[in-house]
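Subject: The model we talked about

Hi,

Here is the structure I promised to pass on. Have a look at it first, and my notes follow underneath.

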Amino acid sequence: MYDDHYGLSGRPFQLTPDPAFWYDTATHKKAMAYLGYGLSQGEGFIVITGAPGAGKTTLVGHLMETIDPERLHVIKIVTTQIEAEDLLLMVAAGLSIDGTHLAKAQLLAAIEKQLHAVARQGRRTLLIADEAQALPIESLEELRMLSNFQAGGYPLLQIFLLGQPEFRERLSDPRLDQLRQRVIAMHALDGMGADELEPYLIHRLSCVGWRGKPRFTNDAIAAIYRWSGGIPRKVNLLAGRVLLLGAIEEITSFTGADVEAVIADLEGDLSGAMPPSAPARLIATAVPAPPEAARAAMEALRREISAPAAPAAEPAPAPDVDADLAARFAKLEARIEEQDAALRRVLTLMVDFVEVEDARPMRQGAAA
């Protein structure tokens with residue numbers, strides 16, 4: 001939606017990692033230097049850690065675009081809590097081995113044989129394990145054992161481990177002493193610096209044909225940084241929502257107030273409530289009007305309240321009709337406000353769903 005409004009060729013702040021949007025922040029440049037050093041050594045383990053959304057997956061995608069597939073065979077594994085035997089099967093699959101019916105000893109022999117075959121082609125094998133913090137100790141030990149395979153004194157397999165910050169704590173386990181001794185480089189990805197945020201926003205916009213609109217004022221950029229801490233995924237989430245607001249309200253220059261309004265909306269989503277400070281003007285333009293029955297009842301009450309009272313034959317005490325009607329009116333108002341809040345939440349979920357669905361063909365195309 002907002003990409004069309006601003007004349008962009010795509011969505012600059014999609015949440016799906018895309019190496020095409022790679023930007024060299026100081027921390028990512030350092031991580032790439034460690035990975036490059038590790039590849040030049042051709043042995044051991046390289047460990048990269050970072051908070052969710054810090055850019056580990058994008059880092060690997062960028063690395064894949066810089067290597068020569070004719071010289072390096074890459075096996076990528078996104079791990080959850082994979083037990084040791086299943087991990088070996090995944091490594092085998094990455095080497096085109098069907099290990100389903102093989103005993104462990106046979107599976108290890110088949111993996112070593114295929115690593116030798118790859119080496120004879122003049123290629124090295126690199127194993128990249130993402131989300132490594134979820135790997136059990138036994139699975140990490142299996143990876144260490146695989147790193148022992150050699151030919152003529154040269155290792156047949158090099159391993160990159162990517163994980164969240166707690167993976168460093170996992171590595172301190174005494175049972176992983178031997179694996180730690182094989183770690184030749186380790187780097188922790190941080191958020192980008194405050195001075196890097198504006199160039200980052202401009203870079204991503206420029207990748208999709210940005211021509212100066214929209215713009216972010218200094219206080220808008222400061223508000224984005226305060227909320228995101230410089231974590232790329234959080235920056236993208238907030239910036240994407242800000243552009244959605246801009247497309248609906250035809251904003252070409254975002255201020256700190258615009259960003260703060262969207263932040264309130266996001267925090268309301270995360271807490272399960274719609275805060276009063278949320279940008280209701282954004283939602284109101286896209287949410288349908290209250291149900292017809294409720295509107296008709298509202299109109300009837302308004303007419304009843306505003307109609308002149310009929311003259312009484314003689315003064316007599318009477319129930320407070322106006323107060324009763326006002327109470328009914330207030331109750332209907334409250335019910336409609338609840339419906340509006342629910343519709344706002346549904347709209348927000350629909351926007352997120354559409355963004356994910358739009359990104360899916362891109363992911364499938366990259367996989368192909």
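Let me start with a proline: P214 sits in the loop between α9 and β8 (215–216). The peptide bond between K213 and P214 is cis, with omega at about 5°. For background, most peptide bonds are trans, and most residues other than glycine have a negative phi. Please keep in mind throughout that this is a predicted model.

While we are on backbone geometry, two other spots deserve a look. S96, in the loop between α4 (84–94) and α5 (104–120), has a positive phi near 65° although S96 is not a glycine. S96 is also exposed, with a relative accessible area of 71%. E131 is another residue other than glycine with a positive phi, here near 55°. You will find E131 in the loop between β3 and α6, and at 24% relative accessible area E131 is partly exposed.

Now the sheet. Five strands make up an open sheet, with parallel pairing, and the order across is β2-β3-β6-β1-β7. At the edges are β2 (72–78) and β7 (183–189), each of which pairs on one side only. On average, neighbouring strands are turned by 15° against each other, ignoring direction. As a reminder, strands of a sheet pair through backbone hydrogen bonds, either parallel or antiparallel.

If you want to walk across the sheet on screen, these are handy markers:

- β2 and β3 run parallel and are paired over 7 bridges; L72 has R124 in β3 as its bridge partner.
- β3 and β6 are also paired in the parallel sense, over 5 bridges; look for T125 and its partner L157 in β6.
- β1 (residues 45–50) is joined to β7 by 6 bridges, again parallel; V47 stands opposite M186 in β7.

How covered is β3? Mostly: 6 of its 7 residues are buried. Helix α6 (residues 137–146) lies across β1, β3 (124–130) and β6 (157–163), and runs at about 155° to β6.

Next, helix α10 (residues 218–228). Which of its residues are buried? They are A220, I221, A223, I224, W227 and S228. These residues are on the same side of α10 because they cover an arc of only 160° around the axis. The general background is that an α-helix has 3.6 residues a turn, so residues three or four places apart point the same way. N218 and R226 are exposed on the other side of α10. Just after the helix, G229 has a positive phi of about 65°. W227 has a charged partner as well: K234 lies over the face of the W227 ring, 4.8 Å from the ring centre.

Two of the α10 residues come up again with L201, which is located in helix α9. L201 counts as buried, at 2% relative accessibility. What does L201 touch, apart from its neighbours within four places in sequence? Its contacts are F13, F216, I221, I224, V235 and A239. There is a long-range link in sequence to look at too: L201 and P12 are 189 residues apart along the chain, yet their C-alpha atoms are 8.6 Å apart in space.

Lastly, the aromatics. The count is 2 aromatic pairs. In one of them, Y23 and Y200 have ring centres 6.0 Å apart and planes at 75°, so this pair is edge-to-face. Y23 is in the loop between α1 (2–5) and α2 (26–41), while Y200 belongs to helix α9 (residues 194–206), so the pair ties together parts that are 177 residues apart in sequence. Are the two tyrosines buried or exposed? Y23 is partly exposed, with a relative accessible area of 22%, whereas Y200 counts as buried at 4%.

If you open the file, you could begin with Y200 and L201, as Y200 is in α9 and so is L201. From L201 you can then step over to I221 and I224, both of which are among the buried residues of α10.

Cheers

Notes: Residues numbered from 1 in each chain as written. Predicted model: local features only at pLDDT ≥ 70, side-chain atom pairs only at ≥ 80, totals over all residues. Heavy atoms only, no water. Pairing = 2+ DSSP bridges. Helix = DSSP H or I, 4+ residues; strand = E, 2+ residues; numbered from the N terminus. Axes fitted to C-alpha atoms, helices over the stretch in contact; angles between N-to-C directions. Contact = heavy atoms within 4.5 Å. Buried < 20%, exposed > 50% of the residue type's maximum accessible area, 1.4 Å probe, protein only. Arc of directions from axis to C-beta. Phe/Tyr/Trp six-rings, centres within 6.5 Å; stacked < 30°, edge-to-face > 60°. Lys NZ or Arg CZ within 6 Å of the ring centre and 35° of its normal.
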